[in-house]
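Grab a pencil and work through a few exercises on the protein shown here. Try each task on your own before you read the solution.

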Amino acid sequence: MADHETPDEQRKRTVNRIHRIQGQLEALERDVQTDVECEFLVTQASAIEKATGSLILHMIEGYLEHHTRPLLQQDVLQQDIDAVLDDIKRLFELAHRSNGG
């Protein structure tokens with residue numbers, strides 16, 4: 001993630017990543033319909049899986065940068081810190097499950 005990008009910049013990068021993944025999925029679908037070799041299809045699917053994992057990490061980084069950093073830079077109540085930590089834990093659990101963990 002670029003240093004201190006704005007939420008709008010981060011959102012734009014997220015959408016661009018999603019569009020790339022959509023393009024990869026469309027290419028995979030076309031190749032499945034045209035009976036391309038299985039090994040090539042599996043390679044494409046693996047690339048999609050890696051891109052999706054990268055997208056998830058990018059979104060978590062955005063959350064940490066734009067929601068957590070501001071809290072750490074000010075005086076906050078312990079309950080607010082606990083809530084943020086719970087959110088982070090939940091995000092990592094979701095990311096872990098999505099990667100087959």
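The exercises below go from the overall fold to single residues, and the model they use is predicted.

**Exercise 1. Get the overall layout**

Work out how many helices and strands the chain has, and in what order they come.

Solution.
- Step 1: Count the elements; you should end up with three helices and zero strands.
- Step 2: Walk from the N terminus and you read α-α-α.
- Step 3: Now look at burial: 22% of the 101 residues count as buried.
- Step 4: For the surface, the chain exposes about 7500 Å², and carbon and sulfur atoms supply 55% of that.
- Step 5: Take contacts between residues at least 6 apart in sequence; 67% of them join residues at least 24 apart.

**Exercise 2. Check the span of α1**

Compare the end-to-end reach of α1 with the expected span at 1.5 Å a residue.

Solution.
- Step 1: α1 has 27 residues.
- Step 2: From its first C-alpha to its last, α1 reaches 39 Å, close to the 39 Å expected.
- Step 3: Look just past the helix: α1 is followed by D35, which has a positive phi, near 60°.
- Step 4: List what α1 hides, and you get Q10, T14, I21, A27, L28 and D31 as its buried residues.

**Exercise 3. Find the largest nonpolar core**

Pick out the residues of the largest nonpolar core and say which helix gives the largest share.

Solution.
- Step 1: The core has five residues, namely I21, L28, L41, I48 and L55.
- Step 2: Sort them by helix: α1 (7-33) and α2 (38-72) each supply at least two.
- Step 3: α2 takes the largest share of this core, with three residues.
- Step 4: Zoom in on I48; beyond residues up to four places away in sequence, I48 touches I21, Q24, L25 and L28.
- Step 5: As background, nonpolar side chains in soluble globular proteins tend to be buried together.

**Exercise 4. Two residues of α2**

Decide whether Q44 and G53 are buried or exposed, then look at what surrounds them.

Solution.
- Step 1: Q44 is found in helix α2, and so is G53.
- Step 2: Q44 has a relative accessible area of 16%; buried means under 20%, so Q44 is buried.
- Step 3: G53 comes in at 14%, so G53 counts as buried too.
- Step 4: Setting aside neighbours within four places in sequence, Q44 is in contact with A27, L28 and D31.
- Step 5: For G53, check A95: the two lie 42 residues apart along the chain, yet their C-alpha atoms are separated by 7.7 Å.

**Exercise 5. Sort out the salt bridges**

Find which side chains pair up as salt bridges, and classify each partner by its accessibility.

Solution.
- Step 1: A search of the whole structure turns up three salt bridges.
- Step 2: E5 pairs with R13, with the closest N and O atoms 3.7 Å apart. E5 is buried at 6%, while R13 is partly exposed at 29%.
- Step 3: R11 pairs with D8 at 2.6 Å between the closest N and O atoms. Both lie in α1, three residues apart, about one turn of the helix. R11 is partly exposed at 47%, and D8 is exposed at 56%.
- Step 4: D87 and R90 meet at 2.9 Å, N to O. They are three residues apart in α3 (residues 78-98), so about one helical turn separates them. D87 is partly exposed at 23%, as is R90 at 44%.
- Step 5: The general idea is that side chains of opposite charge can pair when their charged atoms come close.

Definitions and conventions
Residues are numbered from 1 along each chain as its sequence is written. This is a predicted model: local features need pLDDT of at least 70, side-chain atom pairs count only at pLDDT 80 or more; totals for chains, interfaces and linings use all residues. Side-chain values use heavy atoms; hydrogens and water are left out. A nonpolar core is a set of buried Ala, Val, Leu, Ile, Met, Phe, Trp, Tyr and Cys residues joined through side-chain atoms within 4.5 Å. Buried means under 20% relative accessible area, exposed over 50%, partly exposed in between (1.4 Å probe, protein chains only). Helices (H or I, at least four residues) and strands (E, at least two) are DSSP runs, numbered from the N terminus. Contact means heavy atoms within 4.5 Å. Accessible areas come from the Shrake-Rupley method with a 1.4 Å probe; for residues, only the protein chains shown count as cover. The expected span of a helix is 1.5 Å times one less than its number of residues. A salt bridge is a side-chain nitrogen of Lys or Arg within 4 Å of a carboxyl oxygen of Asp or Glu.
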